[in-house]
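Hi,

Here is the model I promised you. Have a look, and my notes are underneath.

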Amino acid sequence: MKKTSSETLLGYLYVGPTLSGYLLFVLGPLIAAILLSFTHYDMMSPPRLIGFSNYARLFSDARLAVVYKNTALFAVMAVVLTVGIGTLLGIALNKRLPGFLKYILRTAYFFPVLVGMIYAAMVWKFLFNRDLGVVNYYLHFFNLPPIPWLTSTAWAIWSVILVYGWKNVGFTMLTTLAGLQNISEELYEAARIDGAKSHAVLFRIIIPLLSPVILFNMTITMINTLQEFDSIVALTNGGPGDASRTVVMYIYDKAFRSFDMGYASAIAVTLFVVISIFTVLQLWAGRRWVHHS
Amino acid sequence: MKMVASSNTVAPSPHEVAVTTNKRHPFWEWIGTVLVILAAFPMVAPFAWMLTTSLKSGPHAFDMPPSWLPTEWHFQNFLSLFQSKVPFATFLVNSLEVAIAVTAAQLLTCSMAGYAFAHLRFRHAKAIFGLLLTSLMMPIQVTVIPTFLIMSGLNLIDTHWAIILPLVTNAFGVFLMRQFFLTLPRELIEAARIDGASQFKIFWKVALPLAKPALASLGIITFTNTWNSYFLPLVFLNSWEKMTVPLGMFALSNVYGSGNVSVIMAAVGVAVCPVLIFFLVAQRQIISGMVGSAVKG
């Protein structure tokens, strides 16, 4: 009996630093943000309670609709690009390639994951330059007209999506490779001996058995894209106009440029709700569809 | 090899079966391999461009066609990072200071908490662990406004404390360390206890030394993330003397415009170096740390 209580004390002692960090910098601020969202606060005068005014304002804010639309497009396309291509890459690299070639390819795809997004975006900003950039040089080489990658309302968000996919596809590739390692070789052999075609092996064996990894990658990518900030700031700074601005950039602008802390908190709360809904949905989808061997 | 030619009337002979199973590269697999090799070029190209550009003298930076191998060796760009008014050396020292502090703190807090969740029985352990994991989905932009108010209340705006304190612990790290400590057999801990070792001694002298690979993974990932971090420094730091490399260099690149692209690429090259070194030295630790959570979790 005494031992249990001393172990409890010890447990709390060990978890203490982490738990207090969590309470001070995650849970506490979350609650504070919810409270702030019911106030008007400009950091000059103390917060003033204004009820649901900030939330009413959300519905009449035309810019908010635009940034949410951009965020949704960004998140969906980034998931399609990163998880789609990354999963295929993982499957393609899981074959019997010469060891050296495999290592080189894996390294090439994975290295950008580790490089800071702000640096990657600084490089891409020059590559995407309309008149002097390398990308348009090669387009011209194939007799294609120059594309204003970062400066046109039509292209800006797609450029950001491309850079995000370029940087993160290697993570999906790697988790896919690791997931494939858990599928036993005998399963492929058995399928082939039974006369299964390659595409049947892909759709009936590989993809179902990979489904936990695919769902994990989708969840991670979704959560990450909904908070992506660095690449957009560095590439387009949200522009032109609001063409590539996302919710998190809008929160930052409202809070730290306009010092409209109450309203910024209300937007932050909506983002938190959206992410929570997606997380719950994905957990639920995981229970329903994911194949557990 | 197992044979399964049962009801099929035109069952292939064993010889034919062996041939088809050994034929491991059908046409579309070859296409896939070629595509994977071709697509690797755009993955590497930005780094090649960064390197060649950082070694060019200013006027040649935008020469076309682009060169993918260095055409000149103009190391002056790297020197001018440190010689001119640009406080690049200060940025580097600041980044190093913050990244080392955060990494050291997380190694300690995450391994303590991870050990407790894996091997200590205490009340509400499961609930606390679940609660911690919710922070994995919490956007930093949701919590940053109140955090900013806390820091300004403590007079810590424009100090490194403001970006170190929120990162003193990390749910991902706790999860990673817990997963590792779960692989240590309970008997090992019990044996040490029977030998009369105190709980603290078991953690510090038995469990932690065995956790070196996991600590290396966590340490490298945390260092890299902090080294690359842009958002927190953007919110909390505003004087040049306090800025970290990502914040300072990006601000400077906007001030300079594209006139100094070679110098900017030299700076990016220097900033990417530590990550490259980690990658070459400890690729396995990085991968196991990042992937372990995906596959086991």
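What percentage of the 293 residues of chain A count as buried? The figure is 44%, where buried takes 20 or more other C-beta atoms within 10 Å of a residue's own, exposed takes 12 or fewer, partly exposed lies in between, and C-beta atoms are placed from the backbone.

Before you dig in: this is a predicted model, so to speak of local features we need pLDDT of at least 70, side-chain atom pairs count only at pLDDT 80 or more, and totals for chains, interfaces and linings use all residues. Residues are numbered from 1 along each chain as its sequence is written, while chains are lettered from A and ligands numbered from 1 in the order in which they are written.

Now the layout. Chain A has 12 helices and 2 strands, taken as DSSP runs (H or I, at least four residues, for helices; E, at least two, for strands) numbered from the N terminus. The C-alpha atoms fit a box of roughly 75 × 75 × 30 Å along the principal axes.

Helix 9 of chain A (residues 198-226) caught my eye. Its 29 residues span only 36 Å between end C-alpha atoms, short of the 42 Å for a straight helix (1.5 Å times one less than the number of residues). There is a bend of about 55° at A:Ser211, with A:Pro212 following within four residues; the angle is between axes fitted to the seven residues ending there and the seven starting there.

Then there's A:Thr87, in helix 3 (residues 62-93). A:Thr87 counts as buried because it has 24 C-beta neighbours inside 10 Å. Leaving out residues up to four places away in sequence, A:Thr87 touches A:Thr172, A:Thr176, A:Leu210 and A:Ile214 (contact means C-beta atoms, placed from the backbone, within 7 Å).

Cheers

Methods. Two residues are in contact if their C-beta atoms, placed from the backbone, lie within 7 Å.
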